[in-house]
Structures are given as C-alpha cells and as structure tokens.
Amino acid sequence: MSEIEERLAQVRARIAEAERRSPYGQEVTLVAVTKFHPLEDMEEAIRLGVTQVGENRVQEMEEKRRSLSAPVVWNLQGHLQKNKVKKAVACADLIQSCDSEEILKEIDKKAESAGKVQDVFLEFNISGEESKYGFSPEEFKNAVEAAKACTHVRVKGLMCMAPNEEPEKTRPVFREGRRLWTEMKKEFPEGQITILSMGMTNDFEIAIEEGATMVRIGTAIFGARQYH
Ligand SMILES: *Cc1c(COP(=O)(O)O)cnc(C)c1O
C-alpha cells in the first residue's frame, strides 16, 4: 500500500465514523485538496476512487486540468481576484469561493459570455476573522438576493471555514454554517441547495457531526504541502 492509499483509507474510515455520530444522517462527499501537490498524487487519488478535487489557484488548476483527462469534478476554493474570473469560469466545474457581491457579478458576466451557467457555493466568513474572505452572516439576505439576480450563476450550496484552532472550538462556527445553509435552502427552488461544504484536515470530523455534506481534505491525504 502506498502512503496515499493508506492515508486515504484512514480518512474514509474517519469520515464514516463521523457520519455515524452525526444526528443528521447525511452522506458526505470527499473533495481531495490537491493544491501544491504534484499531478501524480492527484492521479493516484483518482485511481483510488476520488471523484472530486480542490485547487486554490486558477493557474494551477488550469495546468493540471490540461494534463489530466480523468473524469473528475474540479472545485476552485481559493479567493478569486476579479481579473482571474474569466479563466476560473473556463476551468472550474464548481467555484466554492464566491465570497463577495463583486465576484458574484463578475462570475455571472463571464459565464454569460462563455455560454455557461456556473455552479457556485456562497462562502461565508462566520468567525469574522480579518484574514478570511466571505460574506458575513449579517449580509445573508444581500448575498442571496445578489445571487438570485445572476442569471448565469447557480448556487448549489454554502462553504465556510473555521478558525485554525483546537478542533472543539470550531463547533459553534460549523453549527452556524448549518443554520445559514438551512435558511439558504428556503430561498432557492426546492432541491437546488444540496451541499454544505465545511471541514478540513484539522476539523472535518466535527464539521460532519455538525452536518457537513462535503469535506475538503488535503494534508491528511497527501501530507504537508511544499510551498514554492
Ligand atoms: C487548503 C484548503 C483546504 C485543505 O486544507 P487541509 O488542512 O490541508 O486539509 C480546504 N479548504 C480550503 C478552502 C483550503 O484553502
């Protein structure tokens, strides 16, 4: 067994355990976060059954997508600059980091000219940390109204991140994420809002216990990232 195979098996077992503890009875989708990891690691994960990958930077996703033909869902989850939106729309199946009205409108515009309806999640900054992007919970109504006005954007869920703290401290943040997501479901047509994306290496089990339906995990599968 390779290291990735072993780690992936462990992550899947931990997800399954947390699903059993969750009061919501949800099924959890794993996004393997491949940023800063080589294409070979991504290919191996896909061979082992991973169906969704996550990248933070448009250029890295573009390059990897060009060299990889495997059928996999490409999630973009890093903060987007306005001037990168056109390329993001061209290469992302799903943009999880739709974090401001400005970016929402730009995605709408670029998707329209590309003849595409772009699937997105609205990202919320629940903890209010300066270093994090996203709509504040107070902006909920505005964010939803702005998204509804975009004819070439389809909101499918909510994404949030907890502070990088001891895992138990993340629980209230995830609980609020679930509450906002439940509100969001009421705002859009039945069956459109299906995904609550929260939980990373450090805290995914707690996120699942609090109702996450998607977790984004990098380090626990691929090891530490080598930033270059
Ligand atoms: C990097 C990143 C992840 C994965 O983080 P790990 O701690 O390596 O699991 C998940 N979500 C977002 C938005 C990220 O930027």
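# Briefing on a predicted structure

Phe 36 lies in the loop between E1 and H2. The model described here is predicted. Lys 35 is found in that loop too, which joins strand E1 (29–33) to helix H2 (39–47). The points below begin with this loop and then turn to two helices, the nonpolar cores and three further residues.

**The loop between E1 and H2**

- Phe 36 has a positive phi of about 65 degrees, although Phe 36 is not a glycine.
- Phe 36 counts as buried because its relative accessibility is 16%, and buried means under 20%.
- According to an unreviewed UniProt entry, Lys 35 is covered by the annotation "modified residue: N6-(pyridoxal phosphate)lysine".
- Lys 35 is buried as well, with a relative accessible area of 14%.
- When neighbours within four places in sequence are left aside, Lys 35 is in contact with Gly 54, Glu 55, Asn 56, Glu 60, Lys 64, Gln 77 and Arg 225.

**Helix H1**

- Helix H1 comprises residues 3–21, and its 19 residues should span 27 Å at 1.5 Å a residue. The C-alpha atoms at its ends are 27 Å apart, so the expected and computed spans agree.
- Ile 4, Leu 8, Val 11, Ile 15 and Ala 18 are buried in H1. These residues cover an arc of only 90 degrees around the axis, and they therefore lie on the same side of H1.
- The elements against which the buried residues of H1 pack are E1, H2, helix H8 (204–209), strand E8 (214–217) and helix H9 (219–222).

**Helix H7**

- With 17 residues, H7 should span 24 Å at 1.5 Å a residue; its end C-alpha atoms are 25 Å apart, which agrees.
- The buried residues of H7 include Val 173, Phe 174, Leu 180, Trp 181 and Met 184. Among the others are the charged residues Arg 171, Arg 178 and Glu 187.
- Strand E5 (118–124), helix H6 (140–148), E6, strand E7 (195–197) and H8 are included in what covers the buried residues of H7.

**Nonpolar cores**

- The largest nonpolar core has 67 residues, and Leu 122 and Phe 124 are those with the most contacts inside it.
- Another core, of six residues, lies apart from the largest one; among its members are Val 31, Phe 121, Met 159 and Met 214.

**Gln 96 in strand E4**

- Gln 96 has its place in strand E4, which comprises residues 94–98.
- Gln 96 is buried, since its relative accessible area is 0%.
- The side chain of Gln 96 makes a polar contact of 3.0 Å with the side chain of Asn 75.
- Not counting neighbours within four places in sequence, the residues in contact with Gln 96 include Val 31, Phe 121, Met 159 and Met 214. These four residues belong to the core of six residues. Leu 122, Glu 123, Ser 197 and Arg 216 are also among the contacts of Gln 96.

**Glu 106 in helix H5**

- Glu 106 lies in helix H5, made up of residues 101–114.
- At 7% relative accessibility, Glu 106 counts as buried.
- Glu 106 touches Lys 82 and Val 85, if residues up to four places away in sequence are not counted.

**Glu 168 in a loop**

- Glu 168 is placed in the loop between strand E6 (153–160) and helix H7 (171–187).
- Glu 168 counts as partly exposed because its relative accessibility is 47%, a value in between the 20% limit for buried and the 50% limit for exposed.
- Glu 168 and Lys 84 are 84 residues apart in sequence, and their C-alpha atoms are 36 Å apart in space.

Technical notes. Residues numbered from 1 in each chain as written. Predicted model: local features only at pLDDT ≥ 70, side-chain atom pairs only at ≥ 80, totals over all residues. Heavy atoms only, no water. Helix = DSSP H or I, 4+ residues; strand = E, 2+ residues; numbered from the N terminus. Buried < 20%, exposed > 50% of the residue type's maximum accessible area, 1.4 Å probe, protein only. Core = buried A, V, L, I, M, F, W, Y, C linked by side-chain atoms within 4.5 Å. UniProt positions renumbered as here; feature names shortened; annotations may be inferred. Contact = heavy atoms within 4.5 Å. Expected span 1.5 Å × (residues − 1). Arc of directions from axis to C-beta. Polar contact = N/O pair within 3.5 Å; in protein donor to acceptor, adjacent residues only side chain to side chain.
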